[in-house]
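Colleague: Let us go through the packing of this model. I will ask, you answer.

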Amino acid sequence: ELRHWQDSEFVAIYHKGRYFRLWVYRAGRLLSPREIEYQIQRILDDPSPPFPGEEKLGALTAGERIPWAQMRQQFFSSGVNKKSLDAIEKAAFFITLDDEEQGMKGDDPAGNLDRYAKSLLHGKCYDRWFDKSFSIVIYKNGKNGLNAEHSWADAPTVAHLWEVCMLWKGWEVFIHRTVLR
């Protein structure tokens, strides 16, 4: 089922097995890059371990639809699990702050490109949220990419969105300032 959330004020972040809410819009205004950078730095610096079952939760979105629907009904229809799932689903989009480095340079450019592409397609299969319209993956070395769920739009639509984002010079500066240390 496709859902449209009218007023998403945050994005969902996955980092080191944990899920976070990154506010991008508050009190009627978009947050500044500095305010967003501060939140990302707090996420990167957070040493807390994942809650039981949290780290590999995203794997449920990578599998068959019927078992995931049954799990949603059984384990995510009330309480803290429902609130947590609602937060991820109501996020504008999903970001994985990946601990790995990716890219095409090095001694094996073709092999590196293959690994980079596979990582963007599926990662570890539990560190992505495949039910979001699109997910951004930002690697430890600042390389990044996009993974899209295609039921809402064809690939050219998503590719155009990503192209516009990549042309925005501030995006590159923002990634280097917030993710790279």
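The exchange below covers aromatic pairs, charges over rings and nonpolar cores.

Modeller: The model is predicted: local features need pLDDT of at least 70 and side-chain atom pairs 80 or more, while totals for chains, interfaces and linings use all residues. Residues count from 1 along each chain as its sequence is written, and side-chain values use heavy atoms, without hydrogens and water.

Colleague: How many residues apart in sequence are the parts that the pair of tyrosine 19 and tryptophan 129 ties together?

Modeller: Ring centres of Phe, Tyr and Trp (its six-membered ring) within 6.5 Å make a pair; planes under 30 degrees apart are stacked, over 60 edge-to-face, the rest tilted. Tyrosine 19 and tryptophan 129 are edge-to-face, at 5.9 Å and 85°. Tyrosine 19 is in strand β2 and tryptophan 129 in the loop between α4 and β6, so the parts tied together are separated in sequence by 110 residues.

Colleague: Which ring does the charged end of lysine 56 sit over?

Modeller: The test asks for Lys NZ or Arg CZ within 6 Å of the ring centre and within 35 degrees of the ring normal. Lysine 56 has its charged end 5.2 Å from the centre of the ring of tyrosine 126.

Colleague: Which element gives the most to the largest nonpolar core?

Modeller: Such a core joins buried (under 20% relative accessible area, 1.4 Å probe, protein chains only) Ala, Val, Leu, Ile, Met, Phe, Trp, Tyr and Cys through side-chain atoms within 4.5 Å. The largest has 18 residues. With 4 residues, the top contributor is α1.

Key: Helices (H or I, at least four residues) and strands (E, at least two) are DSSP runs, numbered from the N terminus. Buried means under 20% relative accessible area, exposed over 50%, partly exposed in between (1.4 Å probe, protein chains only).
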